[in-house]
Amino acid sequence: MIYTSYKYLLHATCVIAVVYAGSAHGQDSNPAAQQTQDWAYTDIVVTAQKRDERLSDVPIAISAATGDQLARQGVTSVEGLDRIAPGFTFQQSHFGTPVFTIRGVGFFDSSIGGSPAVSVYLDQVPLPYSLMTRGVALDLERVEVLKGPQGTLFGQSSTGGAINYIAAKPTEDMRAGFTLNAGRFDEVSTEAFVSGKLAEGLTARVAGRYEYRDGWQKPDMRNDARFGQSENARLGRRRFYTGRILLDWKPTDTLRFELGANGWHDGSEPQAFHYIAFAPTAPMNPLNAGNSYANLGPLTATPKDPRLAGWDPNTPFGLDDDFYQVSLRGDVDLSDSITLSSISAYSKLTTNAYTDTDGTAYAAFVLRRQGSIKSFSQELRVAGTSGAVDWMIGGNYAWDHSTEIQQNLLKTSNAGLGPFPFSGLEVRNDQQVHTYAAFGSLNYALSPRFELQLSARYTTQDRDFRGCLADPGNGQVATAFGAVFGFAATAGECITQSAPGVLLGEVHSSLNEDNISFRGGVNWKPSDDALIYVSVSRGYKPGSYSVLPGVFASQFSPVTQESVTSYEAGFKLSALDRRISLDGAVFYADYTDKQILGSAVIPPFGNLPKLVNIPRSRIYGGEIQAVVRPFAGLRTTAGIAYYNSRVLEDPSNPVDAYGVPTSFVGEELPTSPRWQIVGDAEYGFSVSTRARMFVGGGLTYHSSTYSVFGENPGLLLPAYALIDTRGGIEAEDGSWRVQLWGKNVTNKFYYLSTSVGGDRLAGLTGMPATYGVTLSFRY
């Protein structure tokens, strides 16, 4: 559902930013001077430990980038962080939920309400669900990708790591700017901001972005012509806008407030799938022979062209998703060395998605998903310094409520029960969560060169679940199950049973868990330009309930909390006046009760996706990152990550994606490539006293990995390498830039994910080659 006033607010934010960006021209002639040829020589200050520190002084494996670096490399979303952070990967689930993974630790789930394994924050305010992160990369100062468990300071749902976005802040002097981008597939996007002083002690910043693109996917007419698809059909248009308002108020020298409001609307078309093979869920019989067996069975695999996909003709697939968040931070200095901080936030997301998931123009499996998430969080902490000790103590409370209704429109081999066919079914999932936590940290300087770090967090969570399998309203499912199991069922109502023939209706269940996360480490600084550290840390991710068509209440059993215990050693070095910076880390992680979207045989539907716990697994590996500036104008970065993962113990009754009993022991964790490489280089040189030219490019490489357990050849994600290029001219003071760019310039075909379901094996492909021009001004 779209809230009209909210849409007007977002439109107004974008328009105000653009208008004031123009009106502020000439107010400040040099606000972006650091974004020029010597931008690479400045220290990056991070808040990974919830205090300002130089990146080179933080004993955590971190990949960080400034807002200017992100803009140059065209990183405008969380998904693009794999260009700057070795060890980070992105997937998209088959229902559109983004999946972020760090060091092989992620959570693949298709529901909207599953807690991620990689948490995302904006100015230390949580974006607790992955769907909420779409507009987070607007108008940034920097981003920090923290690797390994971060549970002590960032809480649950950070077993893989945390991503901390820092928005560009309001300024005392008047500043403004805009960026205009045009590219392939009629892409046009524009971003603008304005910042300045409203009154004594009160400053504000307004930013907005709009993204437009026509459809980039086209049908595979060899398969889709028989279903009436037009060769001129296109899918994948982009209609997205986001906005943010920040107010900083400093009524006294010791009291500070930061009020933030941000949100987005996404009216884009969801990506269609690339058809690979026919994979029937149920054996052929007289009732289903005319459905997918007759229509999907004869089809051939779609050629490996990244633009080719399949979707039903003349069907309005699309998103109608909205999100907003309001946050307030207050800091008061209780003394010269003690600060009390409060961070409050409320978020709301609504989604209405209509997606074709089968990869063909035959309506085998179409999903309509409606849902909402409401989330409130409150953090209160006190931090201070006492001699050789830096300390922090605090507490958190969070309330989350997610509701989701998935309507599956089916012409699949399992779309029926006995002699009773049905054209669809409905799955309902409602989860309400209360989380309480207390945390503390202590850094003790044993000497000027040695430091001891200790931190811990106690968390308790109560999760209440309501859900069922339901008739979608046409009475077909109610008739089928009522007749076969012998109970009176009603159209549009739940038909889940407590036992065969005993109608229960809605299932009610609770999952109450608690845990203690911790981190301990020793840091040694042999010099001001070197840091060596060792640490041990443990983090937890809470349990959850699957969104699945449970015929019986017992099928709604939840997955329980997972934990990662990581042992790590690392270093950070710089030399030659910071012209060379080198960071590295090695680790070994014990992974207990890993949550994953596996498979289970759910009678009478056959093999279906279901959340499962993997009792024991392990990961070891490491990363190394380098920044080299050999001479003025040239900056190169490179990063390599290697991870070796293994399952050590099977869950109960393991089956692969096709429902075949198997063992996962010895397999690598899904979507965990052993090797990841990132690299980027840019060279700039002056062409006049006011302008310089630049040329650069980047490389991203992922080795092969399987998308799910079972090591089935059709579910292998082959290795790929992507090459990006850029070049242009800019002002010496950074006030303007014209940049030509290309992404995936070799038009490499690769899969983001593959899945089995709805009688097909299909995948989501990466974007084809794109190219364009970007014009930006800063005043």
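Student: Why is Arg142 called buried in this model?

Tutor: Happy to start there. This is a predicted model, and in it Arg142 has a relative accessible area of 6%. Buried means under 20%, so Arg142 is buried.

Student: What makes Glu141 and Arg142 a salt bridge?

Tutor: Their side chains meet with N to O at 2.6 Å. The cut-off is a side-chain nitrogen of Lys or Arg within 4 Å of a carboxyl oxygen of Asp or Glu, so the pair qualifies.

Student: And is Glu141 buried or exposed?

Tutor: Neither label fits: its relative accessible area is 37%. The range between 20% and 50% is called partly exposed, so that is the term for Glu141.

Student: How do you know that Glu191 and Arg209 link distant parts of the chain?

Tutor: Look at where they sit. Glu191 belongs to strand S12 (residues 187-199) and Arg209 to strand S13 (residues 202-213), 18 residues apart. Their side chains form a salt bridge at 3.3 Å, N to O, which is within 4 Å. Arg209, with a relative accessible area of 4%, is buried.

Student: Why is the pair of Arg256 and Asp333 said to tie parts of the chain together?

Tutor: Arg256 lies in strand S16 (residues 255-266) and Asp333 in strand S20 (residues 321-333), so the salt bridge ties together parts 77 residues apart in sequence. The closest N and O atoms are 3.1 Å apart. Arg256 has 25% relative accessibility and is therefore partly exposed; Asp333 is partly exposed as well, with a relative accessible area of 25%.

Student: What makes Asp68, Arg72, Asp680, Glu682, Arg692, Arg726, Glu730 and Arg737 one network?

Tutor: Salt bridges that share partners join these residues. The count for the model comes to 39 salt bridges.

Student: Why can Val534 be part of a nonpolar surface patch?

Tutor: Val534 has a relative accessible area of 44%, so it is partly exposed, and patch residues need over 30%. Val534 is found in strand S31. The patch covers about 760 Å², with Tyr444, Phe450 and Trp524 among its other members. Strands S26 (424-445), S27 (450-470), S30 (507-527) and S31 (530-541) each give two or more residues to the patch.

Student: What lines the second largest cavity?

Tutor: Its lining divides into 17 nonpolar, 15 polar and five charged residues. The cavity has a volume of about 550 Å³. Of the 37 lining residues, those closest to the centre are Tyr121, Pro126, Pro128, Gln156 and Ala398. Elements supplying at least two lining residues include helix H3 (151-154) and strand S22 (365-386).

Conventions:
Residues are numbered from 1 along each chain as its sequence is written. This is a predicted model: local features need pLDDT of at least 70, side-chain atom pairs count only at pLDDT 80 or more; totals for chains, interfaces and linings use all residues. Side-chain values use heavy atoms; hydrogens and water are left out. Patches are made of residues with over 30% relative accessible area and no salt bridge: like charges are joined within 9 Å, nonpolar side chains (Val, Leu, Ile, Met, Phe, Trp, Tyr) within 5 Å. Accessible areas come from the Shrake-Rupley method with a 1.4 Å probe; for residues, only the protein chains shown count as cover. Helices (H or I, at least four residues) and strands (E, at least two) are DSSP runs, numbered from the N terminus. Buried means under 20% relative accessible area, exposed over 50%, partly exposed in between (1.4 Å probe, protein chains only). On a 1 Å grid over the protein atoms alone, a cavity is a set of points where a 1.4 Å probe fits but cannot get out, and a pocket is an open set with protein on both sides within 12 Å along at least five of seven lines; lining residues have an atom within 4 Å of a point. Grid points are joined across faces, edges and corners, and a volume is the space filled by probe spheres set on the points. Ala, Val, Leu, Ile, Met, Phe, Trp, Tyr, Cys and Pro count as nonpolar, Asp, Glu, Lys and Arg as charged, and the others, Gly among them, as polar.
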